Amino acid sequence: MQKAALARGTDTLEKWRQVEVALAVQSPTVPLVNEQSVALTAERVGNYQYQPLWGPRLDQIWVK
């Protein structure tokens with residue numbers, strides 16, 4: 001980063017690209033979301049729909 005900060009002219013972009021690559025190689029990958037969903041319904045429930053962001057679509061479910 002010091003060399004990139006001091007670089008001038010056409011060399012500047014290449015030095016910063018090398019910094020970015022070096023940081024990316026050292027960076028760990030961490031999952032941000034690990035979501036599981038289980039839905040249990042009765043036999044008399046029909047048209048059950050699940051939307052990942054909002055959950056069950058209550059307006060679409062019917063019950064015998």
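This briefing walks through one protein chain, from its overall form down to single residues. The model is predicted. The chain has two helices and four strands. Its radius of gyration is 26 Å, well over the 11 Å that the globule rule gives for 64 residues, so the chain is more spread out than a compact globule.

**Overall form**

- Along the sequence, the elements follow the pattern α-α-β-β-β-β.
- Measured out along the principal axes, the C-alpha atoms fill a box of roughly 75 × 20 × 10 Å.
- Of the 64 residues, 8% count as buried.
- The accessible surface of the chain comes to about 6,300 Å². Carbon and sulfur atoms account for 57% of that surface.
- Take the contacts in the chain with a separation of 6 or more: residues 24 or more positions apart make up 0% of them.

**The start of the chain**

- M1 lies in the segment before α1, and that helix covers residues 2-6.
- Is M1 buried or exposed? M1 is exposed, with a relative accessible area of 61%. It counts as exposed because the cut-off for that class is over 50%.
- Which residues does M1 touch, leaving aside its neighbours within four places in sequence? M1 is in contact with W16 and V19.
- M1 and V19 are 18 residues apart along the chain. Their C-alpha atoms are separated by 6.2 Å.

**A nonpolar patch**

- M1 appears again here: together with W16 and L23, M1 forms a nonpolar patch on the surface.
- The accessible area of M1, W16 and L23 together is about 330 Å².
- L23 sits in helix α2.
- L23 is partly exposed, at a relative accessible area of 46%.

**Salt bridges**

- How many salt bridges does the structure hold? There are two.
- One salt bridge joins E14 and R17. The closest N and O atoms of E14 and R17 are 2.8 Å apart.
- How are E14 and R17 placed in helix α2? Helix α2 covers residues 11-26. E14 and R17 are three residues apart in this helix, so about one helical turn separates them.
- E14 is partly exposed, with a relative accessible area of 31%. R17 is partly exposed too, with a value of 43%.
- Another salt bridge joins D59 and R57. Here the closest N and O atoms are 3.7 Å apart. This pair counts as a salt bridge because the cut-off is within 4 Å.
- D59 counts as exposed, at 59% relative accessibility. R57 counts as partly exposed, at 32%.

**A loop residue with positive phi**

- Where is N47? N47 lies in the loop between β1 and β2. Strand β1 covers residues 45-46, and strand β2 covers residues 50-51.
- Phi of N47 is near 55°, a positive value in a residue other than glycine.
- Most residues other than glycine have a negative phi.
- N47 is partly exposed, with a relative accessible area of 38%.

**To take away**

- The chain is more spread out than a compact globule, and 8% of its residues count as buried.
- Helix α2 holds E14 and R17, which form a salt bridge. L23 is in helix α2 as well, and L23 belongs to the nonpolar patch with M1 and W16.
- Later in the sequence, look for N47 with its positive phi, and for the salt bridge between D59 and R57.

Technical notes: Residues are numbered from 1 along each chain as its sequence is written. This is a predicted model: local features need pLDDT of at least 70, side-chain atom pairs count only at pLDDT 80 or more; totals for chains, interfaces and linings use all residues. Side-chain values use heavy atoms; hydrogens and water are left out. A salt bridge is a side-chain nitrogen of Lys or Arg within 4 Å of a carboxyl oxygen of Asp or Glu. Buried means under 20% relative accessible area, exposed over 50%, partly exposed in between (1.4 Å probe, protein chains only). Patches are made of residues with over 30% relative accessible area and no salt bridge: like charges are joined within 9 Å, nonpolar side chains (Val, Leu, Ile, Met, Phe, Trp, Tyr) within 5 Å. Accessible areas come from the Shrake-Rupley method with a 1.4 Å probe; for residues, only the protein chains shown count as cover. The radius of gyration is taken over C-alpha atoms; the globule rule is 2.2 Å times the number of residues to the power 0.38. Contact means heavy atoms within 4.5 Å.
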